[in-house]
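Trainee: I have a new structure open in front of me and would like to learn how to read it. Could you walk me through some features, one at a time?

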Amino acid sequence: MAPIVWKNPPVRECAAVAENRRLRLLSFPRPSRMPTALPVLYSFRRCPYAMRARLALVAGGQPCELREVTLKNKPAEMLAASPKGTVPVLVTPEGPVLEQSLDVMLWALRRDDPQRWLQPQAGTLDDMLALVAACDDDFKPQLDRYKYPQRHADGGEPARERGAQFLRSLEARLSASQHLAGTHATLADAALMPFVRQFAMVDAAWFDAQPWPYLQAWLSNWTASDLFARAMHKHAPWKSGEAGVAFPPA
Ligand SMILES: N[C@@H](CCC(=O)N[C@@H](CS)C(=O)NCC(=O)O)C(=O)O
């Protein structure tokens, strides 16, 4: 009797072939370092909020892809991730999009905090967050009014005086300890410094003439630091379809 020739292999054979392929795929040598997606940071060099975020990313040694943004021409990719349209924005590979500078700082430092920016020697993390809130909610509006007097009815020197009250409170802290929250630099210093710097730059001669030796020294130490230099590299604006810049720089 002629042997039976299967036109189509029986189902059992198909399953065996499939299993064989699966096993071969599993045992296929994989590269030892698979490329992993980096967080994407949309940033604007001169923005004080973006500056504080970059400082924490440098301090935490968190690699990311930096995309320099022009505020007048924000990339569609950034607006798709964060429609509110402010920088910094950090798009993490795990999914969450961080749209607040303080959240970017906390994210970076909770992953790694070799300089103990979240562990102040004096006070607690909550105390530092309260100081950051005072900076953002009370001092920053005065900074804007001082810097752009033409845009505000109560701008100019009255705003400078209201901002100076906050700076006097920082001077008092810094006369008691080298940094805002004790003996080492912390999130509080990095979060406030870009705003104090901007205030000082509105009229440098006036700032330098104030009786604030501790605050002036604190600010110059920060701006002369290697950490600040690494956070302030200049980059051309990112173009859609191109790779961003590796950040932090070496
Ligand atoms: N609360 C936000 C504020 C960020 C913010 O206002 N950034 C400014 C630049 S310094 C911005 O992106 N403004 C939008 C614009 O100018 O179009 C944060 O902490 O990240």
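**Reading the model step by step**

Mentor: Gladly! Let us begin with one residue: Arg111 lies in helix H4, which covers residues 101-111. Please keep in mind that this is a predicted model.

Trainee: Is Arg111 buried or exposed?

Mentor: To decide, we count the C-beta atoms around a residue: 12 or fewer within 10 Å means exposed, and 20 or more means buried. Arg111 has 11 C-beta neighbours inside 10 Å, so it counts as exposed.

Trainee: Which residues is Arg111 in contact with, leaving aside its neighbours within four places in sequence?

Mentor: The contacts are with Gly60 and Gln62. Gly60 is a nice example of how the fold joins separate parts of the sequence: Arg111 and Gly60 are 51 residues apart along the chain, while their C-alpha atoms are 7.4 Å apart in space. For the chain as a whole, take the contacts between residues at least 6 apart in sequence: 69% of them join residues at least 24 apart.

Trainee: Now for a residue to set beside Arg111. Why does Trp222 count as buried?

Mentor: Trp222 is buried because 20 other C-beta atoms lie within 10 Å. You will find Trp222 in helix H9, residues 213-223. Not counting residues up to four places away in sequence, Trp222 touches Met193 and Phe228. Trp222 is also 37 residues from Ala185 in sequence, with a C-alpha to C-alpha distance of 9.8 Å.

Trainee: How many residues of the chain count as buried?

Mentor: Of its 250 residues, 32% do. Buried nonpolar residues can join into a core, and the largest one here has 59 residues. Those with the most contacts inside this core are Ala56, Leu187, Ala188, Ala190 and Leu192. Helix H7, residues 187-202, gives the most to the core, with 10 residues. The core also draws at least three residues from each of domain 1 (15-116) and domain 2 (125-228).

Trainee: What does Leu187 touch, beyond residues up to four places away in sequence?

Mentor: Leu187 touches Ala56, Met105, Leu109, Trp117, Leu118 and Met128.

Trainee: Let us turn to the strands. What is the order of strands in the sheet?

Mentor: The general idea is that strands of a sheet pair through backbone hydrogen bonds, either parallel or antiparallel. Here, 5 strands form an open sheet in the order S4-S3-S1-S2-S5, with mixed pairing. Its edge strands are S4 (97-98) and S5 (245-247), each pairing on one side only. The chain has 10 helices besides its 5 strands.

Trainee: Where can I see each sense of pairing?

Mentor: For the parallel sense, look at S1 (residues 40-43) and S2 (residues 64-68), which pair over 4 bridges. Within that pair, Leu41 has Leu66 in S2 as its bridge partner. For the antiparallel sense, look at S3 (residues 89-91) and S4, which pair over 2 bridges. There, Leu90 has Leu98 in S4 as its bridge partner.

Trainee: Which way do the residues of S1 point?

Mentor: Val40 and Tyr42 point one way, Leu41 and Ser43 point the other way, and all are buried. In S2, 4 of the 5 residues are buried, so this strand is largely enclosed by the rest of the structure.

Trainee: What should I look for in the backbone itself?

Mentor: Most residues other than glycine have a negative phi, and most peptide bonds are trans. Arg116 has a positive phi, near 55 degrees. Arg116 lies in the loop between H4 and helix H5 (125-147), and counts as partly exposed because it has 14 C-beta neighbours inside 10 Å.

Trainee: And where are cis peptide bonds found?

Mentor: One joins Val87 and Pro88, with omega about 5 degrees. Pro88 is in the loop between helix H3 (76-81) and S3. The peptide bond from Phe247 to Pro248 is also cis, with omega near -5 degrees, and Pro248 lies in the segment after S5.

Trainee: Finally, which residues surround the ligand?

Mentor: Val87 and Pro88 return here: they are among the surrounding residues, which also include Phe44, Cys47, Tyr49, Leu71 and Gln100. By class, the shell around the ligand has 7 nonpolar, 4 polar and no charged residues.

Methods. Residues are numbered from 1 along each chain as its sequence is written. This is a predicted model: local features need pLDDT of at least 70, side-chain atom pairs count only at pLDDT 80 or more; totals for chains, interfaces and linings use all residues. A residue is near a molecule or strand if its C-beta atom, placed from the backbone, lies within 6 Å of it. Ala, Val, Leu, Ile, Met, Phe, Trp, Tyr, Cys and Pro count as nonpolar, Asp, Glu, Lys and Arg as charged, and the others, Gly among them, as polar. A nonpolar core is a set of buried Ala, Val, Leu, Ile, Met, Phe, Trp, Tyr and Cys residues joined through C-beta atoms within 7 Å. Domain bounds come from an automatic or database domain assignment. Two residues are in contact if their C-beta atoms, placed from the backbone, lie within 7 Å. Two strands pair if DSSP finds at least two bridges between them.
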